Each structure stands twice: as structure tokens, then as C-alpha cells.
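Colleague: May we go through this model together? I should like to start with the way the chains touch.

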Amino acid sequence: MSERKQFFPRLVVDAGGNRWDWALLPMILALFVLLAYGGQQMARPYQLGETLPLSLDPTNLPYYLLRTTMRMFIALGASLLFSCAFALLTTKYRAAEKVLVPILDILQSIPILGFLSITVTAFIALFPGNLLGVECAAIFAIFTSQAWNMAFSAYQGFRTVPAELKEAASVFRLSSWQRFWRLELPFAMPGLLWNMMMSMSGGWFFVVASEAISVSNQNIKLPGIGSYIALAIEQRDLLAIAWAIGAMLIGVILYDQLFFRPLLAWADKFRFEESGSETAQDSWLLAWLRRTERMQGIAVALGGLLERSFGTFRQRYDGTSIRARPQTISGMPERIWDAVIAAVVFYALWTLVHFIHAEVGWSEVGRVFVLGCYTMLRVIVLIFLAALIWIPIGVRIGMNPRLASRAQATIQFLAAFPANLMFPVAVLVIVRFGLNPDIWLSPLMILGTQWYLLFNVIAGASTVPTELRYAAQNLRLTGLLKWRRYLLPAIFPSFVTGAITASGGSWNASIVAEYVTWGDTTVKAHGIGSYIAEMTAIGDFPRIALGICVMCVFVMGFNHFVWRRLYRMAEDRLHF
Amino acid sequence: MTTPILELKSVGKSFRSADGSARSVLENVDFTLNEGEIVALLGQSGSGKSTMLRIMAGLLSADSGEVLYHGLPVYGPADGISMVFQSFALFPWLTVQKNVELGLEAKGMASVERARRAEAAIDMIGLSGFDGALPRELSGGMRQRVGIARALVMEPEVLLMDEAFSALDVLTGERLREDILELWQTRKIPTKAILVVSHNIEEAVMMADRVLIFASDPGRVRNELPVTLSRPREVESSAVRGLIDNVYGMMTTGTVRPARVTAKEVKLQLGDRLPEADIARLEGILELLADEPFRGRADLPKLAEETELTDQELLSVSSALTLLGFAVLDHGDIIITPLGEQYVHTGNAERQAMFGRQLLENVPLVAYIRHGLLQDPSGDLHEDLFLRLLRFTLNEADAKSALRVAIEWGRYGELFEYNFNTGVINMPESDTTGVA
């Protein structure tokens with residue numbers, strides 16, 4: 001008996017798993033079914049010119065939600081791969097770092113809409129007669145709104161791996177592959193995860209723009225929440241907007257609970273600071289997964305596979321081998337590389353000047369710069385107003401630990417919620433009361449990004465040392481003096497961190513927020529955002545390019561001259 | 001009889017400083033690590049002893065000379081050489097067991113065998129039951145035990161220890177040291193030689209068969225002291241105390257300024273590093289020295305015990321005191337000068353004036369700053385000017401530290417003021433006449 005038993009696969013004999021496994025099973029099966037269905041729909045045959053069925057019937061919303069979420073997760077996965085590749089390349093090769101980091105810096109400040117019209121055609125040509133091409137274009141558009149900050153965070157993480165850990169990795173002769181999995185990726189993980197969450201929210205913000213694609217005078221609306229909203233706006237259906245908001249809300253809650261929460265809780269072990277003041281995240285799903293037997297078994301098996309790969313890709317020689325002998329370093333290749341970069345930059349600049357001169361004219365450039373100034377003014381005023389509102393509230397919440405932990409979850413959620421769904425309401429109000437769009441459209445820019453400000457202020461206030469708090473009470477600091485000498489300096493560093501994110505987001509949001517459509521009513525404010533949006537609507541490529549370039553200059557200048565300095569000042573002097 | 005395992009032959013190493021000029025850290029270092037011995041490297045911070053250790057570990061490559069492991073050149077980390085780090089360098093996301101297995105995993109060992117060896121190493125170092133713990137759950141001493149287990153599981157022929165006990169409290173450090181010595185003594189580990197980098201003199205004397213004393217700028221071996229006492233050694237025994245005294249003597253002669261070595265004393269140069277000693281500590285030691293049990297003359301090890309300062313700290317303070325002319329060093333003893341006596345017995349205001357006068361006379365950097373301020377019509381100068389000057393001779397961290405010490409001392413001596421926010425050094429308000 002027992003001899004025969006051995007030949008059975010383990011699964012048949014011991015159909016084990018505990019009750020936690022069994023309870024999880026339906027969920028996993030449902031997930032697989034949904035993924036298969038969604039995937040099948042994505043790769044349908046499709047001819048250019050065909051209109052895809054789309055209706056405002058709310059019963060379709062779950063399906064649209066599935067499609068949109070799938071696109072966003074595929075884009076997120078692509079962004080993750082991209083980030084790791086980027087970080088590996090830039091930290092291993094100085095030549096790559098010199099080129100790729102500035103490029104990414106520029107890409108980061110380029111608004112996503114700019115990419116879309118250029119890339120759609122290429123993607124459609126890639127998969128002729130199939131919807132996959134259009135899907136890819138949409139996914140790529142979402143990717144461009146998610147990848148850059150993640151890549152930067154990974155790069156920062158890889159670069160700041162502590163020297164002693166690097167030395168330990170060398171002494172114990174970890175191969176590059178093992179080093180990546182055991183040292184670099186885990187170290188970069190917390191920052192990367194946080195940026196993934198931010199990217200996901202950022203993705204929602206542009207979901208309308210990425211799903212409703214116009215190419216060669218055709219409007220393709222891919223089934224999804226974004227298209228649903230676009231259609232609702234076209235047909236001025238406020239109820240449908242409300243449905244869409246509801247669906248999105250559910251979507252955000254679902255992936256927060258089923259994906260990010262467990263991931264955050266799991267990634268808690270990657271926190272490097274040994275005395276983290278942050279309270280650990282907890283997740284019911286992770287607790288559940290950790291109780292399962294079969295699922296744990298699968299995870300362990302995967303881990304084992306990874307470990308085995310370390311053996312396969314190990315470094316087979318040690319420091320006494322001739323192969324470890326360092327090559328004589330000459331500065332020549334590096335200098336040639338520098339020269340090549342310089343030449344390319346000069347050529348690009350020359351092309352740009354030539355292009356502007358020939359295609360748009362210098363007066364247009366001046367005009368766009370003036371528009372940029374309007375938008376800059378808006379950003380500054382809005383950050384100031386947001387600070388005025390959120391600092392007192394944030395400090396009050398942050399000083400109360402119990403309130404703070406509860407508030408943080410709520411605010412993270414609010415940050416993930418796409419503010420552009422509120423735009424139609426704004427249009428209605430502006431049109432109804434005949435308000436000045438130059439002023440009243442502005443708040444929309446900061447609607448989605450103000451949460452970062454609040455979030456950081458709370459975090460800053462909750463790390464004020466207790467003794468300092470007692471000292472302030474003891475000295476009976478009150479009123480203006482209390483704010484000037486105690487509270488404001490105490491939260492300044494975290495305020496700056498939040499403001500950098502908020503301002504960056506606001507610049508990007510200006511494209512959507514300064515040019516808002518509701519049916520055939522369009523309300524626009526003067527600014528560089530509305531300029532880019534308008535030119536995109538017309539399809540004037542040279543002017544789109546010009547608008548994007550100028551915005552780039554503004555954003556990078558703003559970062560360099562304002563935020564980076566404030567940040568350095570905060571780092572140097574105002575910390576505990 | 002002695003078989004060399006690891007040899008350094010006239011090894012030199014220099015680093016590029018911020019302005020691109022090369023700064024020599026090691027020069028012409030010859031060293032042999034033989035089978036069956038424990039060698040301790042002692043020296044003040046910045047003397048290049050850590051650099052030397054890293055060259056032997058294959059983490060840095062030497063600019064000149066060669067490193068030989070069993071007679072073969074070493075270009076990178078070699079099998080058979082393992083290292084224990086000052087701040088443990090554990091991977092915080094891996095459990096104790098996974099941390100210990102790290103090097104075996106890199107070798108491609110099968111997981112069963114790996115687990116068996118890790119288990120054995122963990123048991124040997126006294127961590128049984130903690131296999132599944134994350135490093136952050138452990139105390140400092142336990143963490144370093146993991147670090148040691150991780151190194152020992154590789155069954156290294158040579159074990160390098162980079163100030164392995166200095167991040168631990170005294171008691172924990174001693175326990176761990178004894179445990180390692182026991183493993184060594186009873187041959188429970190296959191390790192054939194241990195090199196310990198330390199700035200704790202007692203630790204070096206207790207562990208080593210040979211103590212090498214490093215001199216700084218550029219780093220080189222200045223003295224070598226064989227320790228022939230049998231193990232286990234007693235800290236309180238007169239032989240050990242004598243040796244510690246001896247090492248103190250060796251370390252203090254020819255530090256910043258040798259005391260009474262030659263009639264013409266070696267003056268401090270403008271671009272030299274300054275001992276990191278704050279004023280409260282300087283005055284504290286000086287007062288202690290003038291007072292009852294010592295009456296003006298103290299044995300450095302005794303003083304270290306009395307003040308509970310580390311060797312590093314005490315050596316900094318004593319070299320600062322000799323530098324300022326308040327004390328002199330003589331064969332491991334510190335002796336107060338008449339000026340020092342006078343200093344102790346005056347009030348605060350006069351003290352500061354005296355301090356200022358001594359600074360101008362003895363510390364070229366302070367005198368130079370003061371000189372610059374007097375000549376400058378606006379009476380203020382930016383610290384970067386001096387930092388740039390110091391970078392010619394010192395590395396970034398040392399330059400910053402020297403300027404910080406100069407500024408702190410100068411402020412106390414009321415020679416100049418300094419604004420932290422702007423980084424500007426300026427003349428004191430009350431001192432517009434500019435009497436130097």
C-alpha cells in the first residue's frame with residue numbers, strides 16, 4: 001500500500017490545505033476568470049474605423065472597471081520593470097547615468113497627453129486588425145503617467161544602499177543577480193511601493209485622456225471607465241458621472257484592500273531604519289494569506305526557485321583569479337562619451353531653434369511664456385492657499401496620535417481619488433453664475449494634489465519630539481509666537497516635501513484643469529495648460545511640442561530654483 | 001615555522017579629494033599575517049587602518065605595491081577571507097538564518113546543506129532559537145553575533161574584524177571578545193589568522209599576539225609590539241596593565257606634537273587636522289588633572305578609567321591640551337603645565353581670554369582665520385574659503401571637522417563669531433579695535 005502511494009503525486013494523496021486555503025479558493029478562481037475574460041476582450045479583432053459599442057447603462061460599469069483596472073495594472077507592471085532596468089543601468093554604468101537621468105528628469109515634467117497622439121499610430125501598426133494595438137497605446141499612455149517617479153525612486157534607492165551593506169555583499173561574493181534580489185531591490189522597496197501607490201492615483205487622473213483616443217480623425221473609445229466618463233461628458237449626463245464616480249470609488253477600495261494594503265504590510269520588513277516611528281500597516285488579506293498552507297507552500301516554492309537561480313548565476317571565480325584583475329582605466333572612452341553627449345545636445349538645441357523659427361515663430365514663443373507665467377502664478381497662489389488651510393488642520397491632527405493614524409488612511413484614499421471627476425460640476429457652476437474662469441477654474445488644479453500637502457504636514461507634526469512639545473507648553477508659547485518659533489519650523493521640512501509633490505502635480509493637472517469641457521460647452525482659463533490642451537484638440541503638432549517644451553522649462557526651473565533650495569535649507573538646518 | 005598567509009608589500013593608496021588633488025592615505029605599508037596569530041591594528045581615526053583592512057579584504061585595490069594571499073595576487077574579495085563589520089552590515093529584511101546563509105548561497109550550495117551549516121554556526125555563536133528572527137528584533141550584541149556567525153560559516157582561513165566591538169557597550173563587547181577568543185583557543189573554528197582593527201587599546205592587548213600601531217598622514221606602521229602573554233589574559237594583571245601603559249606611551253609620542261622628544265618642537269601646520277575635543281571636556285580633564293588623586297600628573301589608562309572616556313576620546317583631549325600648552329605628555333602620562341595650573345585657578349572671563357591667546361599662538365588655523373578677519377574691511381569671511389584651503393591637505397570629512405573645531409575654539413576664545421545659518425565667520429561685536 002504504502003509503496004504504491006509514493007507514486008501518486010503529492011496533490012492527490014494529500015489534498016491538504018487548511019480551511020484558510022479553502023476559503024481563499026473562490027477568490028482566486030474568480031480572479032483567474034476575470035483576468036481571462038478581460039484578456040480575451042483586449043485581444044479582439046478590430047478594424048480601424050469600427051466603432052466599439054459603449055453605453056451609459058450603469059450595469060456595464062463593472063465590466064468597464066475591470067478593463068480599466070487591467071490596463072492600469074499592466075502599465076504598473078511595465079513601469080516596475082522599467083524602473084528596475086533604469087535603476088540597474090544608471091547605477092552600474094556611469095555613462096548611462098549621465099544620459100538617462102537628465103532624460104528622465106525631462107520626461108518627468110512632460111505632460112502625458114503629448115505622448116499619446118505621437119505613439120498611437122505606431123502601436124496600431126504593430127497589431128494590424130486587432131484591438132491590441134489600441135490597447136497598447138492606451139496602456140502606454142498610462143505607463144507614461146506612472147513610470148517616471150517610480151524610476152527615480154528606484155534609482156535613488158539603488159544609489160543610497162549603505163556602504164557597509166555593499167561591502168558585505170562584495171566580501172561574501174554576491175553576484176549581480178543575487179545582489180539585485182537580496183540587497184538593492186529590498187532596499188529600494190519601501191520608496192518604490194509608495195511611489196507605485198502615487199502612480200496608481202496619477203494613472204486615474206489621466207484615464208479619460210488615455211482611453212478616448214483620437215487618431216487620424218477618428219475617435220476610438222476603448223471600453224473602460226475613462227471612455228464612459230468621456231461619453232457622459234459629451235452627452236451631458238450628470239447621473240452617469242455620479243455612477244462613474246461610484247464605480248471608481250469601489251475600484252479604488254478594491255485594489256487598495258486587495259493589492260496595496262497587503263503589499264505594504266508585507267513590505268514593512270524592508271524598512272531600513274531600525275527604530276521606525278511609523279506604525280506598521282496591517283492588512284486582513286495578508287494575515288489571511290499567512291495562515292494558509294497551500295498558498296504559503298507556493299510562495300516558499302517560488303522563493304526556492306529564486307534561491308536556486310542564485311546558484312546558477314553565481315560568480316564562479318574569486319578575487320585571486322586573473323579574471324578579477326582590474327582593467328587599466330583610461331579616461332579616453334569617458335571623454336569621447338562626454339563629447340558625444342555634448343554634440344547631441346548642441347544638435348538638439350540647434351534643431352529646436354531652427355524648428356521654432358521655421359514652424360511657429362518667436363512671437364508665439366513669447367506668448368506661450370506669458371501663458372506659462374499665468375499658470376505659474378496660479379500654482380504659487382494655490383500652494384499658498386492650500387498651505388494656509390491645511391497646515392493648521394494637519395498640525396492639529398498630527399499632534400494627536402490616535403487621530404493621525406486614522407486620518408492617514410483616509411487621506412491616502414482621498415489622494416487616490418481622481419479629482420477630475422469634479423470638473424463637470426465646476427463647469428456647470430461657472431456657466432450658471434457667469435464666473436471668471438481664469439480664477440474659478442484654478443482650484444481644480446490643486447484639488448487632487450493638495451492631499452500630499454496635508455499628508456506630509458500630519459507626518460511632520462507627529463514626529464515633533466515630545467520634549468519640544470512640553471518645552472513649548474512650559475514656556476507658554478501662544479498665538480503667533482508659537483507658530484513662528486515652534487510649529488512652523490518644526491514641520492517645515494515635511495511641508496516642503498509635500499509642496500514639491502503638490503506643485504509638480506498641479507503643473508501636470510493644469511492641462512486638464514484649465515481647459516474643461518462639458519458637452520459642447522468649453523470653459524478655459526488663460527494658461528499654458530489650456531494652450532497645450534487646445535492645441536491637442538486641434539492636432540497642431542508644432543504648437544503642442546512648443547507648449548510641452550515651455551512647460552518643461554517652467555517646471556524644471558521651478559524645481560531647481562525654488563523647491564530644491566528650500567529642500568536643502570530644510571535638510572541643513574531645520575531638522576531634529 | 002611561521003607560514004605567511006596574507007602579505008602586503010609596500011602598498012600605497014591615495015584618494016582623490018574634492019578639488020581633484022590626490023591625498024595619500026597609505027604609504028609603503030609592509031605587513032605579513034602569519035598562520036596561527038591574532039594581529040591588532042591600532043591607530044587614531046583617519047590613520048588609514050580601515051583602508052588597509054579593506055585592501056586586504058579585496059574591497060579596495062591598492063594603487064601601488066601588491067597584496068598576496070598564499071603568494072598569489074589578490075584583485076578582489078577572495079574565498080577564505082571573511083569580514084565582520086563595525087555596524088554589523090546585516091540585511092535587515094533577511095532572517096538571522098538567511099543572513100548567515102548569504103555567503104553560502106552565493107557559492108551555490110544546496111539549501112539543505114546550507115541550512116545545516118548555518119544552524120551549526122548559529123549554535124556555536126550562541127544564537128540558537130533566533131534563526132527566524134529579523135535583525136531588528138535583536139539587541140546590538142546579538143546582531144554582532146549574527147555578523148560573526150555569517151563570517152564564520154564560510155569557514156574562513158582569515159577573519160578580518162573592523163572595529164567589530166566598538167558599536168557595542170563595554171560589557172557586551174567584552175563578552176563577545178571572550179567568546180571569540182575561546183573559539184580560537186579551542187580550535188572550534190578552522191580560522192588560521194585573525195586581524196583586528198581597533199581603537200581600543202585594552203581590546204588590542206587582550207586579544208592580539210602582535211599589536212601594530214599606525215601613524216597618520218600618510219598611514220604607515222610606526223611601532224610593533226609583540227604580546228607573548230598566555231591566554232586567557234586578566235585585564236587587571238600587572239603584565240596586561242603594563243602593556244596597556246606601554247601602548248598608550250607609543251600612541252601619544254609623535255601624535256600631534258611630541259612632548260619633549262626634541263628640544264625644537266614640531267609645530268602644528270595650517271592644514272593639519274585638529275583633535276576633536278570639545279571645550280567642556282578639555283576643561284573637565286584639566287580640572288581633574290589638577291585635583292586631588294592626580295595632583296598634576298596622571299597615567300592615561302587610569303585617567304581613561306576615571307573619566308569613562310574611550311581611548312580615542314582621551315587621546316584627542318590630551319593632544320588638544322598639549323597643543324594648547326596646558327599639559328605635556330610623557331611616556332603615557334599626562335602632566336599639567338604651570339600655564340594649565342593657572343588656567344584652572346582663574347575665573348571664566350579670564351579663562352576665555354587665556355584660551356584665545358593660546359589659540360593664536362599655537363593653532364595656525366585659528367590664527368589664520370583671525371588674521372583674515374582683521375585684514376578684511378567688512379570683518380567677515382565665509383567658511384568655505386577656509387574649507388577650500390583645508391581640502392588641499394585633508395579629505396572632506398576631516399576638513400570639515402578641523403574647521404568645526406577651529407570655529408568652536410575660536411568662539412570660546414572670543415576671537416571671532418560664527419553664524420551657522422549663513423556660514424559667515426565675523427569679528428566679535430565688542431572687538432572692533434582689533435587687538436590681537
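Modeller: The chain contact comes next, followed by a helix pair and a hairpin. This is a predicted model, so local features need pLDDT of at least 70 and side-chain atom pairs count only at pLDDT 80 or more, while totals for chains, interfaces and linings use all residues. Residues are numbered from 1 along each chain as its sequence is written, and chains are lettered from A in the order in which they are written.

Colleague: How many residues does the contact take from chain A and from chain B?

Modeller: Chain A and chain B each supply 30 residues, where contact means C-beta atoms, placed from the backbone, within 7 Å.

Colleague: Which element gives the most on the side of chain A?

Modeller: That is α8(A), with six residues. Helices are DSSP runs of H or I with at least four residues, and strands are E runs with at least two, numbered from the N terminus.

Colleague: Turning to chain B, at what angle do α4(B) and α5(B) cross?

Modeller: Their axes, lines fitted to C-alpha atoms over the stretch in contact, cross at roughly 25° and come within 10 Å. That makes the two helices roughly parallel, a term for angles under 35 degrees.

Colleague: Which residues of α5(B) meet α4(B)?

Modeller: Thr172(B), Leu176(B) and Ile180(B) do.

Colleague: And how do β9(B) and β10(B) pair?

Modeller: They pair in the antiparallel sense over six bridges; pairing requires at least two DSSP bridges. Leu212(B) has Glu224(B) as its bridge partner. The two strands form a hairpin with four residues between them, and Asp217(B) in the turn has a positive phi of about 50°.

Note on methods:
Two residues are in contact if their C-beta atoms, placed from the backbone, lie within 7 Å. Axes are lines fitted to C-alpha atoms, for helices over the stretch in contact, and angles run from 0 to 180 degrees between N-to-C directions. Angles under 35 degrees count as roughly parallel, over 145 as roughly antiparallel, 65 to 115 as roughly perpendicular and the rest as oblique.
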